Amino acid sequence: MAITHLSFYSAFTLSSLGLAFHRTHLVSALLCLESMMLSMYMALSIWPAENQAASSTLMPILMLTFSACEASTGLATLVASTRTHGSDHLHTLNMLQC
Amino acid sequence: METTLLLNTFTFLTLMIILTPTLLPLLSNKLQNSPTITTRAVKTAFLTSLVPMMLFAHSGTENITSYWEWKIITNFKIPFSFKIDQYSTMFLPIALFVTWSILQFATWYMASDPHITKFFSYLLMFLIAMLTLTIANNMFLLFIGWEGVGIMSFLLIGWWQGRAEANTAALQAVLYNRIGDIGLILSMAWLASTTNTWEIHQTSTTTQLPMLPLLGLILAATGKSAQFGLHPWLPAAMEGPTPVSALLHSSTMVVAGIFLLIRIHPMLTTNQTALNTCLCLGALSTLFAAICALTQNDIKKIIAFSTSSQLGLMMVTIGLNLPQLAFLHISTHAFFKAMLFLCSGSIIHNLNGEQDIRKMGGLQKTLPMTTTCLTIGNLALMGTPFLAGFYSKDIIIENLNTSYLNTWALLLTLLATSFTATYSLRMTILVQTNFPRTSVTPAVNENNPTITSPILRLALGSILAGMLITSYLLPTKTPPMTMPTLTKTAAITVTILGIILALELQNMTHTLTQPKPNTYLNFSSTLGYFNPLMHRLSSTGLLNHGQKIASHLVDLSWYKKMGPEGLAILQLMATKTSTTLHSGLIKAYLGSFALSALIILLST
């Protein structure tokens, strides 16, 4: 596997593991989510540069737009949870717990 | 002289005379039945049945008559055929004579009963069924008679139906008879499927028959004739009135099983295993009943066990391949056993319902006729030389001693013979001699001819019957003529030993020696522990087994555990392990998300 592929895959995987196994704060999950987005953006950007396929240079821009929306949603959730529970600790999101 | 025509006519006439008191009330409303009509009908039937007997004794006329055929299946014939041979012609007058005497006695015994006419019609229906059984040549007719006597026995034992013991005794009789009926139906089915006939004279072969039908017939005889294993109903049947005990459970019904074996004897002759079974079963029954009779205190129960013991002796005779001697013993036994029951009935009624022999005594002075006949009956039972019982019992024991057979059976039968003498003498001494031990002085009066003439008639029969029957009937097998002196006098020797034993026991009573409860006394007085063991163990075992199979196994186990509930339990196991994961927390969900992504990555 080429070095670029390895670095992007490992960055993405490490970020997703970081999303899954974060400990206390919701903001760390959001940060990992952002780093996933970052690695995907960089991969999508290098991809048409490598293949010289000009029509797929649009893709990272699209992804960026959607990632911005999603980041804002995440931040809104963070703010809402801080407003209601007083912190962004993850154990406060326990409405489903029996 | 047209002997067959006379034979047939008079037998038919006898049967019609017996049927008349039952049919007359159906014909017209004005003709009502009454005890005297029934008694007179049976007496007339007895007189007309003497003609076939004398014809047979004179010229040996035998006959098989088929009246009507029940055409239900094309290749299986069920004719209603009657066989008038040695056994039928001899049994008919004897049964009718005994029944006539018993009916005459019952007009006095049951005089205070409001349903006396129904009682007499029941006895008559029983007699019809018994005679059907006797002259049947067909297993089908025999089965009709067999079931008829079983039903009438049930109705008559439970005559005083307000008594709980009478109802349980009647139920016991029906259940034990039913177990025997299984054997009879088994044999009938085997005969129908293998030999394609139910006629008894068509079943005799020279080759050996397989054991299955013979065992079925032996089982039927065990049930009906109260051999060991199916015997408890006979002492319990003493709950019925004394005329019922005299007719059914001494002379006629209980010999039906032995009679069946006599009828099908050609089938048994070739199979030595079946004969040995009869021999050992009969020997065991006779000794067991004699042991139980030793410690009984109820006069009717002593006579009942004595009947059971004599039935065992008849079974032993069948096992010796001597049906004619068994029939001879049936005939002589009918006389003295019926007389013993009638005497006991007279004693019981005169003492105002007292049946315990420990509370009787000194009756020789107050009831001379009854007690004399009681003594005659007991002597005939013991086999006193030249009374009725001697002619049958002595020759049976001589044959037993000179045959090649099982020694154990021989020893048991000899022991039972001596015990017969013991308990008969004990009963005689306790009832008749010494001072009266009744609680209050009862008004004993036997001056009624309805009491004395039946008993006297039967006493005459007990004395003469043996001699008369053996003089006129030729034996079909040669009796043993030569034997050592000890063997010849074996029967009388063991009887005398039994008498000495009884006198010794009586000395114990005089010296007020208290009998200590020891093993043998317990065994004898609880009838060999058979009743509580079998009645409780077998029923609880069966019910337990049934519950285990039906309820536990099928219902609970297979329908519930293997079905829905088992499935639910399996699901519960899975859900319990996965509940910890379903905590409602985001962390867990994210962890499972990562895990599944990892698995997918690794697997592709």
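Reader: How many residue pairs are in polar contact between chain B and chain A, counting pairs with both at pLDDT 80 or more?

Author: A polar contact is a pair of N or O atoms within 3.5 Å; within protein, one must be able to donate a hydrogen and the other to accept it, and residues adjacent in sequence count only if both atoms are side-chain atoms. Between chain B and chain A the count of such pairs, both residues at pLDDT 80 or more, is zero. This is a predicted model, in which local features need pLDDT of at least 70 and side-chain atom pairs count only at pLDDT 80 or more, whereas totals for chains, interfaces and linings use all residues. Residues are numbered from 1 along each chain as its sequence is written, chains are lettered from A and ligands numbered from 1 in the order in which they are written, and side-chain values use heavy atoms, with hydrogens and water left out.

Reader: Which residues of chain B lose the most area to chain A?

Author: Buried area is the accessible area (1.4 Å probe) that two parts lose on being put together, summed over both. Chain B and chain A bury about 920 Å² between them, and 73% of this lies on carbon and sulfur atoms. On the side of chain B, the greatest losses fall on Ile586(B), Lys587(B) and Leu590(B), which together make up 41% of what that side buries.

Reader: How many salt bridges does the structure hold over all chains?

Author: A salt bridge is a side-chain nitrogen of Lys or Arg within 4 Å of a carboxyl oxygen of Asp or Glu, and the structure holds eight of them over all chains, although the count between chain B and chain A is zero. One of the salt bridges joins Asp85(B) to Arg263(B), with the closest N and O atoms 3.1 Å apart. Helices (H or I, at least four residues) and strands (E, at least two) are DSSP runs, numbered from the N terminus. Because Asp85(B) lies in the loop between strand S2 (79-84) and helix H3 (86-109) of chain B, and Arg263(B) in helix H10 (residues 255-263) of chain B, the pair ties together parts that are 178 residues apart in sequence.

Reader: Is Asp85(B) buried or exposed?

Author: Buried means under 20% relative accessible area, exposed over 50%, and partly exposed in between (1.4 Å probe, protein chains only). Asp85(B) counts as buried because its relative accessibility is 6%, and Arg263(B) is also buried, at 7%.
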